[in-house]
Amino acid sequence: MQYLLTIWMEETDFVPTPEAMAPWTAFNTEGVATGVLRSGSGLQPSTTATTVRGGGEVVLTDGPFVETKEQLGGYYVVDCADLDEAIAWAKKVPAVLWGAAIEVRPVAGGTDVFENSDAAGTAAS
């Protein structure tokens, strides 16, 4: 089963120096070598984000403006046997070392949006 590991952190906590990137390179290398890592990427700073809000009129706002002190810094998609294995991989994400939160969430399945919903349009389990 695939799991999404989202990395929630304060952007100012990380400066991508060669020394700081070494653990990320090791994590990526291990994930690829074991066949667990399917995709992943860091994200540009939240100042480059645009938020789309609904509820009547759709409003665009520059910036993330989500009610949190942490920003989504990046993500990984891992293919694991179960939640326990996915959590074990989440614990290896280098951002954990400085207190980042790693959310582990199962992917609904399939690669097509129609494969991921039932007739009522709700997420498939």
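**Close-up 1. Buried and exposed residues of helix α2 in the predicted model.** Helix α2 spans residues 83–92, and its Ala86, Trp89 and Ala90 are buried (under 20% relative accessible area, 1.4 Å probe, protein chains only). Seen down the axis of α2, the buried residues lie within an arc of 105°, taken from the directions from the helix axis to the C-beta atoms, so they line one face of the helix. An α-helix has 3.6 residues a turn, so residues three or four places apart point the same way. Asp84 and Lys91, on the other side of α2, are exposed (over 50%). The cover over the buried residues includes β1 (2–9), α1 (18–34) and β6 (101–106), with contact meaning heavy atoms within 4.5 Å. Helices (H or I, at least four residues) and strands (E, at least two) are DSSP runs, numbered from the N terminus.

**Close-up 2. Strand β5 and its partners.** β5 (residues 71–79) pairs with β1 in the antiparallel sense over eight bridges, and Gln2 stands opposite Asp79 in β5. Strand β2 (residues 37–42) and β5 are also antiparallel, over five bridges; here Gly40 stands opposite Tyr76. Pairing requires at least two DSSP bridges between two strands.

**Close-up 3. Start of helix α2.** A side-chain oxygen of Asp82 comes to within 3.2 Å of the backbone nitrogen of Asp84.

**Notes.** Residues are numbered from 1 along each chain as its sequence is written. In this predicted model, local features need pLDDT of at least 70, side-chain atom pairs count only at pLDDT 80 or more, totals for chains, interfaces and linings use all residues, and side-chain values use heavy atoms, without hydrogens and water.

How values were computed: A polar contact is a pair of N or O atoms within 3.5 Å; within protein, one must be able to donate a hydrogen and the other to accept it, and residues adjacent in sequence count only if both atoms are side-chain atoms.
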